[in-house]
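The following account leads the reader through a single model, moving from charge pairing to surface patches and then to contacts between elements. Please consult the sequence and the coordinates alongside the text.

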Amino acid sequence: MGLLLVILGAGAAILVLAEEGTSYNLFGYTFQPNHVEMFLAGAAAAAVLLLGLWLIALGSRRSARHRRALRGARADASHRVAELESEKRRLQEKLEKEHAANQRTA
C-alpha cells in the first residue's frame with residue numbers, strides 16, 4: 001500500500017513537471033487550475049507521498065521486529081536441541097555402564 005501511494009504521489013509530481021503550460025490533460029479532461037488549486041494539489045500530492053513513505057517505513061520496522069523474534073526463537077530451539085542431545089549422550093553412557101555391570105555379574 002505504501003509503495004502504491006509513493007508511486008501515486010511521484011506520478012502527480014511528474015505530471016506537473018512534464019506539462020509546459022498551466023493546463024493539464026488527465027483522462028481526457030483538461031484542467032486549468034489557479035494558484036490556490038495548484039497549491040492544494042501539490043499539498044495533497046506531498047501528503048500522499050509522505051503517507052506512502054511512512055507506511056513503507058512502518059512495514060520495514062515490523063518486518064525487522066519479526067525477523068529478530070524468529071532469529072531468537074531459532075537460537076532458543078537450537079540451544080534446547082543441544083541440551084537434549086547432551087542429555088541423551090549422558091543417558092546412553094549410563095545405560096552402557098549399567099549393561100556392562102550387569103554382564104559382569106551374570
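How many salt bridges does the structure hold? The model, which is predicted, holds one salt bridge. In general terms, side chains of opposite charge can pair when their charged atoms come close. Here the partners are Arg90 and Glu87, whose closest N and O atoms are 2.6 Å apart. Both residues belong to helix H2, and three residues, about one turn of the helix, separate them. Arg90 counts as partly exposed because its relative accessibility is 44%, a value between the limits of 20% and 50% that bound this class. Glu87 is likewise partly exposed, with a relative accessible area of 33%.

Helix H2, which spans residues 35–105, also includes Arg62. This arginine is a member of a positive surface patch, together with Arg61, Arg65, Arg67, Arg68 and Arg71. Is Arg62 exposed or buried? Its relative accessible area is 55%, so Arg62 is classed as exposed, the cut-off for that class being over 50%.

A second surface patch is nonpolar in character. Leu3, Ile7, Leu50, Leu53 and Ile56 make up this patch, and their accessible area together is about 480 Å². Two elements, helix H1 (2–18) and H2, each give two or more residues to the nonpolar patch. Which of these elements gives the most to the patch? That element is H2, with three residues. On the side of helix H1, Leu3 may serve as an example. Leu3 counts as exposed because its relative accessibility reaches 55%.

The account now turns to a pair of buried residues. Gly9 lies in helix H1, and Ala45 is found in helix H2. Why does Gly9 count as buried? The relative accessibility of Gly9 is 5%, and buried means under 20%. Ala45 also counts as buried, because its relative accessibility is 18%. Which residues does Gly9 contact, once its neighbours within four places in sequence are left aside? They are Ala45, Val48 and Leu49. Seen from the other partner, and not counting residues up to four places away in sequence, Ala45 touches Gly9 and Ala12.

Distances between C-alpha atoms add a further view of these two residues. Gly9 and Leu51 are 42 residues apart along the chain, and their C-alpha atoms are separated by 9.4 Å. For Ala45 and Ala69, which are 24 residues apart along the chain, the C-alpha separation is 36 Å.

Where is Ser23 placed? This residue sits in the loop between H1 and strand E1 (24–26). Ser23 is partly exposed, because its relative accessible area is 25%. With residues up to four places away in sequence not counted, Ser23 touches Thr30, Phe31 and Gln32. The last distance leads back to the salt bridge, in which Glu87 is a partner of Arg90. Ser23 and Glu87 are 64 residues apart in sequence, and from C-alpha to C-alpha they are 79 Å apart in space.

How values were computed:
Residues are numbered from 1 along each chain as its sequence is written. This is a predicted model: local features need pLDDT of at least 70, side-chain atom pairs count only at pLDDT 80 or more; totals for chains, interfaces and linings use all residues. Side-chain values use heavy atoms; hydrogens and water are left out. Patches are made of residues with over 30% relative accessible area and no salt bridge: like charges are joined within 9 Å, nonpolar side chains (Val, Leu, Ile, Met, Phe, Trp, Tyr) within 5 Å. Accessible areas come from the Shrake-Rupley method with a 1.4 Å probe; for residues, only the protein chains shown count as cover. A salt bridge is a side-chain nitrogen of Lys or Arg within 4 Å of a carboxyl oxygen of Asp or Glu. Lys and Arg count as positive and Asp and Glu as negative; His and the chain ends are not counted. The place of a charge is taken as NZ of Lys, CZ of Arg, CG of Asp or CD of Glu. Helices (H or I, at least four residues) and strands (E, at least two) are DSSP runs, numbered from the N terminus. Buried means under 20% relative accessible area, exposed over 50%, partly exposed in between (1.4 Å probe, protein chains only). Contact means heavy atoms within 4.5 Å.
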